[in-house]
Amino acid sequence: MPAPDAPASDLPLNTRFRLGQVITAEQQAFFDTHGFLVFDRVASADEIAMIEAEVEGIQERWLAEGRKKVFGIPLFAGVDPDGAPYISRFAFASMFSDRLRSFVLGPRFEPIRRMVGEDARVGHDEKDGMVINRYVNVPGSGYRSLGWHTDGLRDLAYLRMPQAMFNVGLHLDKVTAQDGGLRLIPGTHRQGFFKMCFAKGYFWDHRPDPREVAVETEPGDLTVHDGRLWHRVQQSPKTGWESLRRSIYVPYQTGPHEPKSEASKTPIYHSFGAATRSLRRWSKTRRRSG
Ligand SMILES: O=C(O)CCC(=O)C(=O)O
Ligand SMILES: [Fe+2]
């Protein structure tokens, strides 16, 4: 939490920061004011290639197993632009790849971990674990866009104010505002409980907001956003492989270790997300045919 007398940042909202050995006072002030940070190309082209290969390997195994869920979390699956089976949302990926696991535990991410808390850890087997999103705009896609939400829904579902939680995302593709991608509303991490519950229709509402900022990324960029910030993913206007956007999110946790396993049940917020997605598809089909 920012100190009450913390200086507000007056840097432009599209500032791209450099990740060094510590989070600077300037970076911390920007994060406290706006609820997010973008770090310029934290992963190299070789590392991105390694990540791609690991993701392909996990997909191959999961498709062969006919897997529908990981530790209770449903996979989003559909087809790729060539019509082949394609997993669009992986959960707990670092539990299935030693290389992904050691990559995120590397020293360059230490300042991010310490920003969350001195005792923070990567939640490899907590929440949804390491999530890999691959949005693609083709008929039969498993994932094209994501409606407005905060990442604190799990806590809201238990009627408690969400614990401070940061979502740390690695972005694998070049995405400009015109390509769609991540949109967020700066400063909404400071809203109260009521606004966090009701300011927008969770996952249902995809409408642009006049206050929103488009996060543009280069391959290898790292973003950090406060879990209480309103954000969404805008669908790409392109189609086929040109529309591909990949983001990898790592939860950093504090507090008691709450591990999940193959025996874990599907959490209520995932059933809620699945229900709003089906309802949206259904209402779109009705509008088209009506
Ligand atoms: O793909 C992204 O950048 C955002 C994804 C997201 O907000 C989420 O999975 O909660
Ligand atoms: Fe999110």
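This passage describes helix α1, the segment before it and the shell around ligand 1 in a predicted model.

Helix α1 spans residues 25-34, and within this helix Q27, F30, F31, T33 and H34 are buried. These residues lie on the same side of α1, because they cover an arc of only 165° around the axis. The cover over the buried residues of α1 includes two strands, β1 (36-39) and β12 (221-226). After the helix comes G35, a residue with a positive phi, near 90°.

The segment before α1 contains L13. This leucine is classed as partly exposed because 15 other C-beta atoms lie within 10 Å, whereas a residue counts as buried at 20 or more and as exposed at 12 or fewer. When neighbours within four places in sequence are set aside, the contacts of L13 are H34, P186 and V213. Of these contacts, H34 is also one of the buried residues of α1. A further spatial relation links L13 to F36: the two residues are separated by 23 residues in sequence, and their C-alpha atoms are 9.5 Å apart.

Ligand 1 is surrounded by V131, N133, L146, D151, G169, L182, H231, V233, S247 and Y249. Three elements each contribute two or more residues to this shell, namely β7 (131-135), β13 (231-234) and β14 (245-253). By residue class, the shell around ligand 1 consists of five nonpolar, four polar and one charged residue. The charged residue is D151, while the polar residues include N133 and S247.

Terms used. Residues numbered from 1 in each chain as written. Chains lettered and ligands numbered in written order. Predicted model: local features only at pLDDT ≥ 70, side-chain atom pairs only at ≥ 80, totals over all residues. Helix = DSSP H or I, 4+ residues; strand = E, 2+ residues; numbered from the N terminus. Arc of directions from axis to C-beta. Contact = placed C-beta atoms within 7 Å. Near = placed C-beta within 6 Å.
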